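Me: I would like to go through this model with you, beginning with a pair of helices. Could you take my questions one at a time?
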Amino acid sequence: MTFDLRRKPGLAGIVAVVLLLPALAYVAGAIVGNGTERDAPAQVETTAAPPAPAPEPVIVAKLEPPKPIVRTMAIENGDNLMDVLVNAGAERAEAHVAIQSLKGVYDPRRDLRVGDKLQVTLGPVSMEPTTQTEGLDYYLSSLRLPVTYDREVLVDREDAGSFVAREVELPLETEFVRVSGQIDSSLFVNGRDAGIPISVLIELIRIYSFDVDFQRDIWNGDSFEIMFERQRNADDVIVNNGDVHYAKLTLRGTQLPLYRFETSKGTIDYFTAKGESVRKALMKTPLDGARLSSRFGKRKHPILGYTRLHAGVDFAAPTGTPIYAAGDGTVVMATVNGGYGKYIKIRHNGTYSTAYAHLNGYARGVRSGKRVRQGQVIGYVGSTGRSTGPHLHYEIHRDGRQINPLALKLPSGEKLKGERLAAFQVHRESLDTHFAALASPHLVANRSDQPDCDGNVDTC
Ligand SMILES: [Zn+2]
């Protein structure tokens with residue numbers, strides 16, 4: 001095109017153009033008239049320029065063809081797509097055609113949300129170079145509608161004045177972020193202050209909830225480290241904080257590293273350095289050789305005589321039969337508890353607890369505040385409290401309410417073996433290496449100029 005030649009003239013050219021406005025007007029006329037493109041710069045540049053500095057050559061820009069107008073429209077409460085497009089400068093009829101093209105790809109009534117930023121591009125009707133800046137005609141040229149952080153819908157005008165809409169994946173860059181710190185308040189508060197995004201922090205706590213009782217196990221001076229991924233868009237803006245790939249809690253000197261890895265069933269889980277999943281189902285039958293004697297649900301109470309909810313299951317077994325902790329956890333009660341007789345309650349995580357009633361006695365060392373491991377003997381079958389004979393009354397509590405233990409569906413953990421274990425070890429080493437590399441000083445220095453960098457984040 002003609003205009004490329006004049007878009008970036010050398011300094012001499014610019015100076016000359018400014019000094020020779022009348023000549024330039026003549027030249028521009030000549031271009032439009034006969035299209036002898038190369039004459040224009042050549043003529044101008046032959047004139048010697050004085051060395052004095054010149055003001056911005058505004059006149060040159062005005063002679064370019066009109067540029068498309070790109071407008072970003074923020075969606076507010078009550079907006080509809082038609083109004084937004086019209087406000088952006090589109091003609092109502094064109095906006096209508098563009099909206100029609102969205103069918104099956106994007107539903108404005110469902111997908112358009114407050115806070116969305118739409119990009120509306122208006123193209124000039126005429127590409128003739130002009131000095132005019134106002135009163136030009138524009139048509140709706142294209143439209144970008146955000147869908148998710150990694151997808152958007154593009155609407156493009158075709159030659160015939162129709163529009164085509166399609167969903168596209170946005171080019172994102174994924175990076176790993178390393179954060180570490182000490183706990184003097186709680187993992188949540190110290191993690192947040194160290195720069196872990198809240199969504200990542202919630203995931204971190206969930207991952208550890210099978211192994212760590214966050215109300216009891218965290219002490220002053222404990223520490224954490226984490227490596228998670230996040231995505232940036234083409235403008236280098238963080239658009240998503242994603243999966244935790246590695247984390248380690250050090251609780252009173254005990255290190256608990258966990259690694260993200262795919263199970264043999266194709267699901268994602270977190271594993272210890274030895275390849276054991278942290279996910280542990282609660283045992284549905286926490287004793288051996290028992291017979292289920294009463295199910296969960298409404299029943300006539302054998303002693304009280306009236307109908308009420310049987311909030312657990314009963315297993316008939318000889319007095320003295322060992323009872324196991326249904327999962328890792330902390331004993332929160334090991335004492336006589338009314339009609340339950342000798343009773344134990346174990347808190348497994350923020351969601352689940354289990355209770356064991358009518359015991360004959362407690363295993364040695366089992367008392368309130370003690371940690372127990374899944375399968376550890378905690379007590380023995382008996383018939384204390386309101387009981388008609390030796391049996392274990394067993395309850396599972398979810399968020400403080402009894403649920404049917406036999407209906408509980410908790411995915412059980414996997415212990416990696418053979419090839420899968422070997423693959424895990426390779427993966428684990430690469431995560432360890434990656435984590436260590438993120439701490440190296442040059443990386444920290446390189447990214448510390450980023451505005452969203454937090455001083456506590458090892459790299460951003
Ligand atoms: Zn019972």
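Reply: Certainly. In this predicted model, helix H9 passes helix H10 in a right-handed crossing.

Me: At roughly what angle do the axes of H9 and H10 cross?
Reply: The axes of H9 (residues 187–194) and H10 (residues 198–208) cross at roughly 145 degrees and come within 10 Å.

Me: Which residues make the contact?
Reply: On the H9 side they are Leu 187, Phe 188, Gly 191 and Arg 192. H10 contributes Ile 198, Leu 201, Leu 204 and Ile 205.

Me: Changing topic: where is Asp 116 found?
Reply: Asp 116 lies in the loop between helix H8 (108–111) and strand E2 (117–124).

Me: Is Asp 116 buried or exposed?
Reply: Asp 116 is buried, and it has no salt bridge. The nearest side chain of opposite charge is that of Arg 113, 4.1 Å away; the cut-off for a salt bridge is 4 Å.

Me: And what does Asp 116 touch?
Reply: Leaving aside residues up to four places away in sequence, Asp 116 touches Met 73, Ala 74, Ile 75, Tyr 106, Asp 111 and Pro 146.

Me: Now confidence. What pLDDT does the protein chain average?
Reply: The average is 81, and 81% of the residues score at least 70. Among the elements, strand E17 (residues 342–347) has the highest mean pLDDT, 97, and helix H4 (residues 39–45) the lowest, 34.

Me: Over which residues does pLDDT stay under 50?
Reply: Residues 1–50 are one such stretch, with 43 contacts beyond four places in sequence in the model. Residues 441–460 are also below 50, and that stretch has 41 contacts beyond near neighbours in sequence. Predicted coordinates should not be read in detail where pLDDT is low.

How values were computed
Residues are numbered from 1 along each chain as its sequence is written. This is a predicted model: local features need pLDDT of at least 70, side-chain atom pairs count only at pLDDT 80 or more; totals for chains, interfaces and linings use all residues. Side-chain values use heavy atoms; hydrogens and water are left out. Helices (H or I, at least four residues) and strands (E, at least two) are DSSP runs, numbered from the N terminus. Buried means under 20% relative accessible area, exposed over 50%, partly exposed in between (1.4 Å probe, protein chains only). Lys and Arg count as positive and Asp and Glu as negative; His and the chain ends are not counted. Contact means heavy atoms within 4.5 Å. pLDDT is the predictor's confidence in each residue, from 0 to 100. Axes are lines fitted to C-alpha atoms, for helices over the stretch in contact, and angles run from 0 to 180 degrees between N-to-C directions. A crossing is left-handed if the near helix is turned anticlockwise from the far one by less than a right angle, and right-handed if clockwise.
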